[in-house]
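Work through the exercises below with the model open beside you. Try each task before you read its solution.

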Amino acid sequence: MTQPLVAILDDEPEIRHMLSTALEDAGFRTTSFGRATEFEAALKRTAPDVCLVDLGLPDRDGLTLVHRLALQSGASIIIISGRAQVQDRVTGLELGADDYIIKPFEPAEVVARVRARLRQAKPGGPASDTAHFAGWIAHFDRYVLEDDKGEEVAFSHAEGEVLRLFLDAPKRLISRAQMQESLGGVAGESFDRAMDVRISRLRTKLREDPKNPRLIKTIYGAGYIFLGDVRWG
């Protein structure tokens, strides 16, 4: 079995070497880059399973790159950054990152976070990558929603994780604690804000009335319920 590939984007050679060594010792394959242009060119030739992305890049805004990756790549995205403010973490998660690790960090923590992302990326419910519900088709292999007229709208990897969580458990209450346990991340303000943003974006893409959504209902103080009937395959 081919080992998962982790792509590392950081302009500091010491950090790239430290992460590559730790991940390879843990059984992963790695590829590393010091500039965003090299990283993006490599993505056209290969598809990593996880991307570790520094925000302080010399040739590209890191947050813009994270957002583009979230929309165009099926890889899990973990930000590694010295920016420690809550708002920086919230913004990174809102733009589509799956996790956020603050520098300085222990290599063992990064390895553990990568393993956690890969575990969560494995399908936990139906084996199919296609779900039908309320006139929509969710294509998880292509990260697009297709309406009954064949029009498509893309969703990010992070949004897809939330959508799949709902579609795997229709008409059942999903609490914040269950979302945190299933999707990973650190419970708290930044996680809650990120979930709110992902759900809001999903509602927009599903053309929901924000004041009276018919599919993803908020149960205040308890969590969320997905009200549609779902057929996989």
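Contact means heavy atoms within 4.5 Å. This is a predicted model, where local features need pLDDT of at least 70, side-chain atom pairs count only at pLDDT 80 or more, and totals for chains, interfaces and linings use all residues. Residues are numbered from 1 along each chain as its sequence is written, and side-chain values use heavy atoms, with hydrogens and water left out.

**Exercise 1. Place Glu40 and list its contacts.**

Step 1. Find the element. Glu40 sits in helix α2 (residues 36-43). Helices (H or I, at least four residues) and strands (E, at least two) are DSSP runs, numbered from the N terminus.

Step 2. Check burial. Buried means under 20% relative accessible area, exposed over 50%, and partly exposed in between (1.4 Å probe, protein chains only). Glu40 has 18% relative accessibility, so it counts as buried.

Step 3. List the contacts. Setting aside neighbours within four places in sequence, Glu40 touches Arg60, Leu65 and Arg68.

Step 4. Look at Arg60. Its side chain makes a polar contact of 2.5 Å with that of Glu40. A polar contact is a pair of N or O atoms within 3.5 Å; within protein, one must be able to donate a hydrogen and the other to accept it, and residues adjacent in sequence count only if both atoms are side-chain atoms.

**Exercise 2. Explain what the salt bridge between Asp54 and Lys103 ties together.**

Step 1. Apply the rule. A salt bridge is a side-chain nitrogen of Lys or Arg within 4 Å of a carboxyl oxygen of Asp or Glu. The side chains of Asp54 and Lys103 meet at 3.5 Å, N to O.

Step 2. Locate the partners. Asp54 is in strand β3 (residues 50-54), and Lys103 is in the loop between β5 (99-102) and α5 (107-121), so the bridge ties together parts 49 residues apart in sequence.

Step 3. Check burial. Asp54 and Lys103 are both buried.

Step 4. Compare another pair. Asp129 and Arg164 also form a salt bridge, at 3.6 Å, N to O. Asp129 lies in the loop between α5 and β6 and Arg164 in helix α6, so this pair ties together parts 35 residues apart. Asp129 is partly exposed, at 34% relative accessibility. Arg164 is buried, at 13%.

Step 5. Widen the view. Shared partners join Asp10, Glu12, Asp54 and Lys103 into one network of salt bridges. The structure holds 18 salt bridges.

**Exercise 3. Is α6 enclosed or open, and does its length agree with its residue count?**

Step 1. Count burial. In α6, 11 of the 12 residues are buried, so this helix is largely enclosed by the rest of the structure. Among them are His157, Val162 and Phe166.

Step 2. Test the span. The expected span of a helix is 1.5 Å times one less than its number of residues. For the 12 residues of α6 that gives 16 Å, and the end C-alpha atoms are 16 Å apart, which agrees.

**Exercise 4. Describe the largest nonpolar core.**

Step 1. Define it. A nonpolar core is a set of buried Ala, Val, Leu, Ile, Met, Phe, Trp, Tyr and Cys residues joined through side-chain atoms within 4.5 Å.

Step 2. Size it. The largest has 28 residues, and Phe133, Met179 and Ile216 have the most contacts inside it.

Step 3. Name contributors. Elements giving two or more residues include β6 (130-133), α6 (157-168) and α8 (189-205).

Step 4. Zoom in. Beyond four places in sequence, the residues that Met179 touches include Val162, Phe191 and Tyr224.
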